[in-house]
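Me: Could you take a close look at the aromatic rings in this one and walk me through how they pair up?

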Amino acid sequence: MTEYPKLILHNGKEEPIQRFHPWVFSGAIKITDSNIVDGDVVEIYSAKQQFLGMAHYQKASITARIISFSKQQIDVNFWTKKIEKALAFRGFLNLANNPNTNVFRLVFGEGDGLPGLIMDYYDGHIVFQAHSIGMHKSRIDITEGLKQVFKTLLKSVYDKSSETLPSQYAINLSNEYLYGSCDEELVVVENGVKFYIDFINGQKTGFFIDQRENRSLLGTYSKDKRVLNTFSYTGGFSMYAAKHGCSMVHSVDSSAKAIDLCNKNATLNNVTNHEGFAVDTFDYLKDHGKDYDVIILDPPAFAKSKDVSHNAVIGYKRLNAMALQNIKKGGILFTFSCSGVIDKKLFYNSVTAGAIESRRHLKLLHTVSQPADHTITPNFPEGEYLKGLVFYVE
Ligand code: SAH
């Protein structure tokens, strides 16, 4: 077995790891072997020399991310087993081999025991995003694991980590195929709804897979409704509304590229009552908010760190107040936050503040979150980031 360098923790700092929390903060570390460099695999030990886990090392506030709680060789076989396990869970969720849905999150970092790694599956094309140097350095072995698990189903692996790695590493890094390529215009299907995916030029890995179940829920409320989908990106919610018989649907996004793809998605799904507007949501709501029975608010993260969470609260309050002031009587508001640093309660309170300002009466219909392929585990509560509320507006 390969000898890996070691980290030894201060007394008592092993406890979170024994509860399977996968992060080791710099302050917990007493001794570090001198020859360690960023991205190395290390072994973690307690002050009493008890083995705790195998981790990726990176000199930062989170210094080690645990990829295994048992002692083992980190090689292609290790990655293959991890990928098999992740895929088996998606199979259990009826996402793998489902002709109606061929897009899902294959690996969701800590939720799959692989901190620092995101992999999304688009009908045989896999978009790989490393958030840690360790995952970046493991990319070739991980790709090998993907080949072994997916075999002939695997069409390509695209490394899109230039936006997700710490800047000092990303600087000379360009996104590239690690295997195969995608030469045709890629179309995927989600719950029977079709979408063009441009994972190279699109945002994040190309599509916001995390809203799949909430898009379905919107579908159930869409019949004969006039729907406004703000922060629409490529029209995920809009296409579901149309497929479920809304009377008309408008998509609003500040990105003209996103609206172009949104319009193409409408054509792809034979939707004729859709219109897209490449404008700012706040401006649009001011002038046109009165026309709708259903409004979806799915903004990008308003806060990326705790110290600016106050700005996010103000943003959510203002946005929700604007939508609520305008929405028709008997309307339905779908409102979301994907800011990890804003917890459920704070989001709920921000929307409530907006509701009070709007002087509308609301009834809570649903409290929603991310789907299970964006796996939340009890040992890692930080993994829950998507929060959604659905209100009936009197
Ligand atoms: N609901 C979408 C995902 C939304 S992501 C889906 O299901 O696919 C957030 C989107 O908000 C991005 O497409 C981004 O371009 C857009 N955006 C950011 N700021 C905006 C603003 N002020 N007005 C309108 N769109 C905005």
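**Aromatic ring pairs**

Reply: Going by ring centres within 6.5 Å, this predicted model comes out at 21 aromatic pairs. Let's start with Tyr121 and Phe150, a stacked pair with 5.4 Å from centre to centre and 20 degrees between the planes. That angle is under 30 degrees, which is why the pair counts as stacked. Tyr121 belongs to strand 8 (residues 117-122), while Phe150 is in helix 4 (residues 139-150), so this pair ties together parts that sit 29 residues apart in sequence. Is each partner buried or exposed? Tyr121 is buried, at 8% relative accessible area, and Phe150 is buried too, with a relative accessibility of 6%.

Now for Phe237 and Phe336: their ring centres are 5.6 Å apart and the planes make an angle of 35 degrees, giving a tilted pair. Here the partners come from helix 7 (residues 236-243), which holds Phe237, and strand 18 (residues 331-337), which holds Phe336, so the pair ties together parts that are 99 residues apart in sequence. Phe237 and Phe336 are both buried.

Rings can also be joined up beyond a single pair: Tyr122, Tyr158, Tyr177 and Phe199 are linked into a cluster by ring pairs.

One last ring to look at is Tyr196, which has a charge for company: the charged end of Lys264 sits over the Tyr196 ring, 4.4 Å from the ring centre.

Notes. Residues numbered from 1 in each chain as written. Predicted model: local features only at pLDDT ≥ 70, side-chain atom pairs only at ≥ 80, totals over all residues. Heavy atoms only, no water. Phe/Tyr/Trp six-rings, centres within 6.5 Å; stacked < 30°, edge-to-face > 60°. Helix = DSSP H or I, 4+ residues; strand = E, 2+ residues; numbered from the N terminus. Buried < 20%, exposed > 50% of the residue type's maximum accessible area, 1.4 Å probe, protein only. Lys NZ or Arg CZ within 6 Å of the ring centre and 35° of its normal.
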